[in-house]
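This report goes through the structure shown below, from the chain as a whole to a few of its elements. Please keep the sequence and the view at hand while reading.

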Amino acid sequence: MRPLLVALPLALALAPVARAAPPNVVVIVGDDMGYADVGFHGCKDIPTPNLDALARSGVRCTNGYVSGPYCSPTRAGLMTGRYQQRFGHEFNPGGGPELGLPLTEATLADRLKAAGYATGLVGKWHLGGADKFQPQKRGFDEFFGFLGGAHSYFPEKKQADTILRGTKPAGETEYLTDAFGREAVAFVDRHKAKPFFLYLAFNAVHTPMHATDARLKKFEGIKDEQRRTYAAMMAAMDENIGKVLDKLRAEKLDGNTLVTFVSDNGGPTMKGTTTNGSVNAPLRGSKRTTLEGGVRVPFLLSWPGTLPAGKVYDHPVIQLDLNATALAAAGVAAKPEWKLDGVNLVPYLTGKEAGRPHETLYWRFGQQMAVRHGDWKLVRYDTAADGGNPGTSPQKLYNLADDIGEKTDLAAKMPEKVKELEAVWKKWDAELAAPLWGGGKKK
Ligand code: CA
């Protein structure tokens, strides 16, 4: 007999189950990044060692999307886990602080706070400036950053102090991306003893094009001045993401923290957008279009011990899923009445679920539309992407499996496929609200 070997598993089976502490959640967002401009997508002139390390430590999604080709709509989708057009948040809320994420919608911060998480936003909010819309009214215990859509990176040069700590001017003087990194690390330090949710929303690499001299010097080999500044701004963001990841490791929290990274939309490369020197190759199109260049973005999830390391995942996923994934990780059961459009990606990324998380993904941005159904994409996009004047293209059909650059329009060849996708999209479109602001009319 070998009693020890028998007794040990039995003892383990009878022991009370020690519940692991729920994981921390760190959701990192970059702003207006080009699809091509990260090392893990093959970028050569701008090193992104920390984002590359994050990719190696987890899962890189090659078909990672955002639900909006613009800043605020994508952030509204991320915070709610719902297609933002369902509640009228189709465009950026221009026209004053009285516009913002509708109060009918609950945010990820609301839900994680209710589950006992310490919640903090460091960075750009862009979901409303009026008191009732401010981060600390939308589930965040703490806020350091700015409320609008863009900000100078040299805060002391601004006349009014619009970098806030909570609701008060922060008196910030550091280069903004460095300040956000510093505050993110401090947030982790303050809350390391209990589960926390950190939403680290950089405005890098959105205009204005401001970089520090030291970083510009590193990139003096890049001749194009805008690209050089962009590279220096990207390096600043990557460095500061590295500081946060280092802090998680130093506190031995990295194994119990879900870290995600996306850009809020593609690089603005066409006339009429806030061009910053970004490159979306091999994708076509730009920020403000429903072409792949507007909505397919760098997309990472890392959760060592739970998600595989160094995995490349090819089925389509969307930033709405990060909300549902974070909730599931936190042990929060999503209620049917929340009507989340995102799904928990963990079983898909671990291989427990073999199918696609989504058979269909949808976009609507004014007159522009797109639907991805399997590998087929039907799209009406802003013709400024082709170098023309702003306008809306006819519907075009692409097979993304062998045409990632949306070069060969198959609409005339495959009218039945066009009809099928159009019907799928129209069904979704009929569920949406009219835009609450901007863009004029629906559709
Ligand atoms: Ca953006």
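How many positive and how many negative side chains does the chain have, and how far apart do the centres of the two sets lie? In this predicted model, the chain has 56 positive and 48 negative side chains, and 2 Å separates the centres of the two sets.

## The chain as a whole

Eleven helices and 16 strands make up the secondary structure of the chain. The radius of gyration is 22 Å, close to the 22 Å given by the globule rule for 443 residues, so the chain is as compact as a globular protein of that length. Along the principal axes, the C-alpha atoms fill a box of roughly 80 × 55 × 45 Å.

Of the 443 residues, 58% count as buried, and the accessible surface comes to about 17600 Å², with carbon and sulfur atoms contributing 56% of that area. Among contacts with a separation of 6 or more, 67% are between residues that are 24 or more positions apart.

## Strand E14 and its two partners

Strand E14, which spans residues 368-373, is mostly covered, with six of its six residues buried. This holds for both faces of the strand, since Gln368, Ala370 and Arg372 are buried on one side, and Met369, Val371 and His373 are buried on the other.

E14 pairs in the antiparallel sense with strand E13 (residues 360-365) over six bridges, and in this pairing Leu361 stands opposite Arg372. The two strands form a hairpin with two residues between them, and Gly366 in the turn has a positive phi of about 65 degrees.

Strand E15 (residues 376-380) also runs antiparallel to E14, and five bridges join the two; here Val371 of E14 stands opposite Leu378. This hairpin, too, has two residues between its strands, and Gly374 takes a positive phi near 65 degrees.

## Helix H3 and its surroundings

Helix H3, residues 71-80, is likewise mostly covered, with ten of its ten residues buried. The buried residues include the polar or charged Ser72, Thr74, Arg75 and Thr80, together with others such as Cys71, Pro73, Leu78 and Met79.

What do the buried residues of H3 pack against? They pack against three strands and two helices, namely strands E1 (24-30), E4 (118-124) and E8 (196-201), and helices H4 (108-114) and H9 (320-329). After the helix comes Gly81, which has a positive phi near 75 degrees.

Terms used: Residues are numbered from 1 along each chain as its sequence is written. This is a predicted model: local features need pLDDT of at least 70, side-chain atom pairs count only at pLDDT 80 or more; totals for chains, interfaces and linings use all residues. Side-chain values use heavy atoms; hydrogens and water are left out. Helices (H or I, at least four residues) and strands (E, at least two) are DSSP runs, numbered from the N terminus. The radius of gyration is taken over C-alpha atoms; the globule rule is 2.2 Å times the number of residues to the power 0.38. Buried means under 20% relative accessible area, exposed over 50%, partly exposed in between (1.4 Å probe, protein chains only). Contact means heavy atoms within 4.5 Å. Accessible areas come from the Shrake-Rupley method with a 1.4 Å probe; for residues, only the protein chains shown count as cover. Lys and Arg count as positive and Asp and Glu as negative; His and the chain ends are not counted. The place of a charge is taken as NZ of Lys, CZ of Arg, CG of Asp or CD of Glu. Two strands pair if DSSP finds at least two bridges between them.
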